[in-house]
Structures are given as structure tokens and as C-alpha cells.
Amino acid sequence: MLAPTGGAGHRLTRMALENDTQAPDFELPNQFGEPVRLSDFRGRKAVALVFFPLAFSGTCTGELCELRDNLSLFDDASVELIGISVDSKWALRAWAETQCYGFQLLADFWPHGAVAKDYGVFLAEAGFANRATFVIDEQGVIRASFISAPGEARPLAAYRAALEQLAARRALS
């Protein structure tokens, strides 16, 4: 997948990870301070990692509220929805409580943006992750992904298409 550039000099530090590659494992605290490890989902459930720039920002709030309102898409597909940003776990908890998010938010706070860097979606000049989504199957392989230009929200249709790709792969195996 090609990574976009643009908007106020924002550039990805490296290319975003490609589909059909192993997703890097990580452990990050969720909004309650509980450790969440990607590999804990292997063999059990697929995961949608939703990188977003910053809690409480307008576009991010709109995007995650749309996901909150359509959580059944992920539940029906047996996919764990997980948001990730460079915000602290305390900021993420306050934001999740304010917006009634029914999914985990992970703090890629320290080392600053390390997981976003591993996935190739960290905007070094801005100090946060771009809007990027990776749908990872039960074996830990990225099966669908998409990224939007800085400042541009991801459409719900892109999530639907990614979940359909995952379902099609599952049907073949």
C-alpha cells in the first residue's frame, strides 16, 4: 500500500505495512491502564487496529463516534476493534467516557509513537500517527488496510470493504 503525503508538510516516516505481511506484535496500555498485547488475539479473533492522531480532535471524534455507532459491523465479523493514538491512557479514558466508546483505546504514548512507527504510519513532523487502519486475521497477518491523507476522515465504506475482504479470505480457508 502506498502511503500518502501532503497537508502542511506531513510525510510518513516510512511506508505503511503491506497486506499479507505479519503484523508486528506489541503491548500497550488501554484507557484503564491494562496491558493489551496483539498476540493475545492470535488463534482467537481478528483485530482492526485504528490509528488516529489525537483524542478530542474534531475529525478523530467524528470517526470514532461513527465506529461506535456501527460497532455491530465488527462484532458480526468477529473482529476486535481497537483504537491507537499517542495520547496518554488518562486522556484516552476521559475521551472514551465522554463519547461512550465501547471498544479499547491504546496509548502509544511512550516510547512516543513506537507502535505507529512499527506500522509505518507515524508522522514525525507532527508527532502523531496518521489515520490508518489495519485488519489483522486470527494468525496475525494483515489482510486489509487503508490510510487517508492528513486531515481526511476514513469513510465507513472502507471499513465495510476491509471486513468483506477478511470474510472472503476466511471463506477460502
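How many helices and strands are there in the protein? There are 5 helices and 9 strands, where helices (H or I, at least four residues) and strands (E, at least two) are DSSP runs numbered from the N terminus. What you're looking at is a predicted model, in which local features need pLDDT of at least 70 and side-chain atom pairs count only at pLDDT 80 or more, while totals for chains, interfaces and linings use all residues. Residues are numbered from 1 along each chain as its sequence is written, and side-chain values use heavy atoms, with hydrogens and water left out.

Let's start with the overall picture. Walk along the sequence and the pattern reads β-β-β-α-α-β-α-β-α-β-β-β-β-α. The C-alpha atoms fill a box of roughly 40 × 35 × 30 Å along the principal axes. The radius of gyration is 15 Å, which agrees with the value near 16 Å for a compact globule of 173 residues; this radius is taken over C-alpha atoms, and the globule rule is 2.2 Å times the number of residues to the power 0.38. Buried residues make up 50% of the 173; buried means under 20% relative accessible area, exposed over 50%, and partly exposed in between (1.4 Å probe, protein chains only). Of the contacts with a separation of 6 or more, 66% are between residues 24 or more positions apart, a contact being heavy atoms within 4.5 Å. The accessible surface comes to about 7,800 Å², and 53% of it belongs to carbon and sulfur atoms; these areas come from the Shrake-Rupley method with a 1.4 Å probe, and for residues only the protein chains shown count as cover.

Now for the inside. A nonpolar core here is a set of buried Ala, Val, Leu, Ile, Met, Phe, Trp, Tyr and Cys residues joined through side-chain atoms within 4.5 Å. The largest one has 29 residues, and the members touching the most others are Phe 74, Val 79, Leu 81, Trp 95, Tyr 101 and Leu 105. Two or more residues apiece come from β3 (46-51), α1 (58-69), α2 (71-76), β4 (79-85), α3 (89-99), β5 (104-107), β9 (142-147) and α5 (156-172). The top contributor is α5, which gives 5 residues. Apart from this core lies another, of 28 residues, including Phe 26, Val 36, Phe 134 and Ile 136.

To get a feel for the larger core, click on Leu 81. Leaving out residues up to four places away in sequence, Leu 81 touches Ala 48, Val 50, Leu 67, Leu 71, Phe 74, Phe 103 and Gln 104. One of those partners, Leu 67, is among the buried residues of α1, along with Cys 60, Thr 61, Glu 63, Leu 64 and Cys 65. The buried residues of this helix pack against β3, α2, β4, α3, β5 and α5. With 12 residues, α1 reaches 16 Å from its first C-alpha to its last, close to the 16 Å expected at 1.5 Å a residue (1.5 Å times one less than the number of residues).

Which charged side chains are worth a look? Try Glu 138, in the loop between β8 (132-136) and β9. Glu 138 counts as buried because its relative accessible area is 18%. Its C-alpha is separated by 4.9 Å from that of Gly 43, 95 residues apart along the chain. Beyond its neighbours within four places, Glu 138 is in contact with Phe 41, Arg 42, Gly 43, Arg 44, Lys 45, Ala 46 and Arg 170. The side chains of Glu 138 and Arg 170 are joined by a polar contact of 2.6 Å, meaning a pair of N or O atoms within 3.5 Å; within protein, one must be able to donate a hydrogen and the other to accept it, and residues adjacent in sequence count only if both atoms are side-chain atoms.

Then there's Arg 143, in strand β9. Arg 143 counts as buried, since its relative accessibility is 19%. Its side chain makes a polar contact of 2.8 Å with the side chain of Asp 20.

Finally, some backbone oddities. Most residues other than glycine have a negative phi, and most peptide bonds are trans. Ser 78, in the loop between α2 and β4, has a positive phi of about 55°. Cys 100, in the loop between α3 and β5, has a positive phi of about 55° as well. The peptide bond from Trp 110 to Pro 111 is cis, with omega near -5°.
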